[in-house]
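Visitor: Could you take me through one part of this protein up close? I'd like to hear about the buried inside, and about any polar side chains that end up there.

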Amino acid sequence: MEILSSRTILRPRDYDATLQFYGRTLGLAIAREYPGGTVFFAGQGLIEIAAHGGRDDAQSFHGALWLQVRDVYAAQNELAEAGIPITRAARQEPWGLHEMWIDDPDGIPLVLVQIPPDHPIRRDLR
């Protein structure tokens, strides 16, 4: 099997609120729009907000969206000023990454991550 591309598809209960959150609040650029949804650029990935298939009952999502940012502390200030609740404040984790957690309108966790210059993720270990 050869994977050519991928995206995360979200089917929110409130399409407009979720579109506002990812587009205006997080400032993600639109990759494409179609009659049933909007696809946002998210670094090297895509996040699609589908206007169809959402459910009124509670959904469970046992994962998180991992989004790398340049400065997690600046992102925290921007989000707090925009009135977005911070689930877990920015801090350096034992594994060396600086992380902050927020939730989207459906409660899906988003991990905003800053990778320090000396972290192994940034080093070519070949």
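Guide: Here's a walk from the overall fold into the core, then on to two buried polar spots and a pocket. Keep in mind that this is a predicted model.

Let's get our bearings. The chain has two helices and eight strands, and from the N terminus on they run β-α-β-β-β-β-α-β-β-β. Of its 126 residues, 34% count as buried. Among contacts between residues at least 6 apart in sequence, 47% join residues at least 24 apart.

Now the core. The largest nonpolar core has 19 residues, and the ones touching the most other members are Tyr22, Ile47 and Ile102. Both helices chip in at least two residues each, H1 (15–25) and H2 (72–81), and so do strands E3 (37–42), E4 (45–50), E5 (65–68), E7 (98–103) and E8 (109–114). Take Tyr22 as your anchor: leaving out residues up to four places away in sequence, Tyr22 touches Leu10, Gly27, Leu28, Phe40, Ile47, Ile49, Leu65, Asp104 and Leu110.

Next, the polar side chains you asked about. Glu48 sits in strand E4. Glu48 counts as buried because its relative accessibility is 8%, and the cut-off is under 20%. The side chain of Glu48 makes a polar contact of 2.2 Å with the side chain of Tyr34. Tyr34 also turns up among the residues Glu48 touches beyond four places in sequence, along with Arg7, Thr8, Ile9, Leu10, Thr38 and Val39. Leu10 is a link back to the core anchor, as Tyr22 touches Leu10 too.

The other one is Gln114, in strand E8. With a relative accessible area of 17%, Gln114 is buried as well. Here the partner is backbone: a polar atom of the Gln114 side chain lies 2.9 Å from the backbone nitrogen of Val72. Around that spot, again skipping residues up to four places away, Gln114 touches Val69, Arg70, Asp71, Val72, Tyr73, Leu97 and His98.

Val69 brings us to the last stop. The largest pocket has a volume of about 430 Å³. It is lined by 16 residues, and those closest to its centre are Leu28, Leu67, Gln68, Val69 and Leu112. So you've met two of those already: Leu28 as a contact of Tyr22, and Val69 as a contact of Gln114. H1, E5 and H2 each supply at least two residues of the lining, which divides into nine nonpolar, five polar and two charged residues.

Notes
Residues numbered from 1 in each chain as written. Predicted model: local features only at pLDDT ≥ 70, side-chain atom pairs only at ≥ 80, totals over all residues. Heavy atoms only, no water. Core = buried A, V, L, I, M, F, W, Y, C linked by side-chain atoms within 4.5 Å. Buried < 20%, exposed > 50% of the residue type's maximum accessible area, 1.4 Å probe, protein only. Helix = DSSP H or I, 4+ residues; strand = E, 2+ residues; numbered from the N terminus. Contact = heavy atoms within 4.5 Å. Polar contact = N/O pair within 3.5 Å; in protein donor to acceptor, adjacent residues only side chain to side chain. 1 Å grid on protein atoms, 1.4 Å probe; cavity = no way out; pocket = protein on both sides within 12 Å on 5 of 7 lines; lining within 4 Å. Points joined across faces, edges and corners; volume = space filled by probe spheres on them. Nonpolar A, V, L, I, M, F, W, Y, C, P; charged D, E, K, R; others polar.
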